[in-house]
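Here's a quick briefing to read with the model open beside you. We'll go through the sheet, the core, one odd acid and the charged pairs.

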Amino acid sequence: MNETDRLRIDKWLWFARVVKTRSAAAKLCEDGSVRLNGAKIDQAHKPVRPGDVLTIALPGRVKVLKVVSLAERRGPYSEAQHIYEDLSPEPPRFDPPSPIVERDPGSGRPTKAERRETDRLKGWDS
């Protein structure tokens, strides 16, 4: 194994366009939000090799990426897609509630016509 078979994990995350800056990638690693082959890491200089599996906890989602190759530079997104295989689970499906709420007739707040009828029955109408 030689030096070209590995790359710092923060650099790889930046090359793969998981985060926008390399310092953000380093902070992600140091916060313990990245797992390398199931083991939590807390250092940005850990080496990553082809075949490794990274589990990354991002705000609102979890990404599972398998390292396919190592990049030499941070290229466009179309190039970055070729250095990993996305193994992330499908996000949970969220069905928003129906915007129209139906209720039984006579339940809930009375309508204006019903309030006027009640006022007439009680003799409050002027």
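Start with some vocabulary: a residue is buried when its relative accessible area is under 20%, exposed when over 50%, and partly exposed in between (1.4 Å probe, protein chains only). Keep in mind that this is a predicted model, where local features need pLDDT of at least 70, side-chain atom pairs count only at pLDDT 80 or more, and totals for chains, interfaces and linings use all residues. Residues are numbered from 1 along each chain as its sequence is written, and side-chain values use heavy atoms, with hydrogens and water left out.

**D52, a buried acid**

- D52 is buried but has no salt bridge, a term for a side-chain nitrogen of Lys or Arg within 4 Å of a carboxyl oxygen of Asp or Glu.
- The nearest side chain of opposite charge to D52 is R49, 5.1 Å away; for charge, Lys and Arg count as positive and Asp and Glu as negative, while His and the chain ends are not counted.
- What does the D52 side chain have by the backbone nitrogen of R49? One of its polar atoms lies 2.8 Å from that nitrogen.
- D52 is found in the loop between β4 (47-48) and β5 (53-58); helices (H or I, at least four residues) and strands (E, at least two) are DSSP runs, numbered from the N terminus.
- Leaving aside neighbours within four places in sequence, D52 is in contact (heavy atoms within 4.5 Å) with L36, N37, P47, L65, K66 and V67.

**The sheet**

- There's an open sheet of 5 strands in the order β3-β2-β5-β6-β7, with antiparallel pairing; two strands pair if DSSP finds at least two bridges between them.
- β3 (39-40) and β7 (84-86) stand at the edges with a single partner strand each, so one side of each is left without a neighbour in the sheet.
- β2 and β5 pair in the antiparallel sense over 3 bridges, and V34 has I56 as its bridge partner in β5.
- β5 and β6 are antiparallel too, over 6 bridges, with A57 standing opposite V62 in β6.
- The hairpin of β5 and β6 has 2 residues between the strands, and G60 takes a positive phi near 85° there.
- Strand β6 (residues 61-67) runs antiparallel to β7, joined to it by 3 bridges; the bridge partner of L65 in β7 is D86.

**The nonpolar core**

- Which way do the side chains of β5 point? They alternate: L54, I56 and L58 point to one face and are buried, while V53, T55 and A57 point to the other and are not.
- The largest nonpolar core has 25 residues, and W12, L13, V18, V34, L54 and I56 touch the most other members; such a core is a set of buried Ala, Val, Leu, Ile, Met, Phe, Trp, Tyr and Cys residues joined through side-chain atoms within 4.5 Å.
- Two or more residues of this core come from each of α1 (9-15), α2 (22-30), β2 (34-36), β5 and β6.
- Not counting neighbours within four places in sequence, L13 is in contact with V18, V19, A25, C29, V34, L54 and I56.

**Charged pairs**

- A search of the whole structure finds 5 salt bridges, and R8, D10 and R22 are linked in a network of them.
- The side chains of D10 and R8 meet at 3.0 Å, N to O; D10 is buried at 3% relative accessible area, whereas R8 is partly exposed at 34%.
- R22 also forms a salt bridge with D10, the closest N and O atoms being 3.4 Å apart.
- That second pair links distant parts of the chain, with R22 in helix α2 and D10 in helix α1, 12 residues apart.
- K27 and D31 meet in a salt bridge as well (3.3 Å, N to O), and K27 counts as exposed at 51%.

**Loop residues worth a click**

- R17, in the loop between α1 and α2, has a positive phi of about 60° although it is not a glycine.
- N37, in the loop between β2 and β3, has a positive phi of about 55° and is not a glycine either; N37 is partly exposed at 47%.
- L87 lies in the loop between β7 and α4 (112-122), is partly exposed at 39%, and touches V64 and K66, not counting residues up to four places away in sequence.

Conventions: A polar contact is a pair of N or O atoms within 3.5 Å; within protein, one must be able to donate a hydrogen and the other to accept it, and residues adjacent in sequence count only if both atoms are side-chain atoms.
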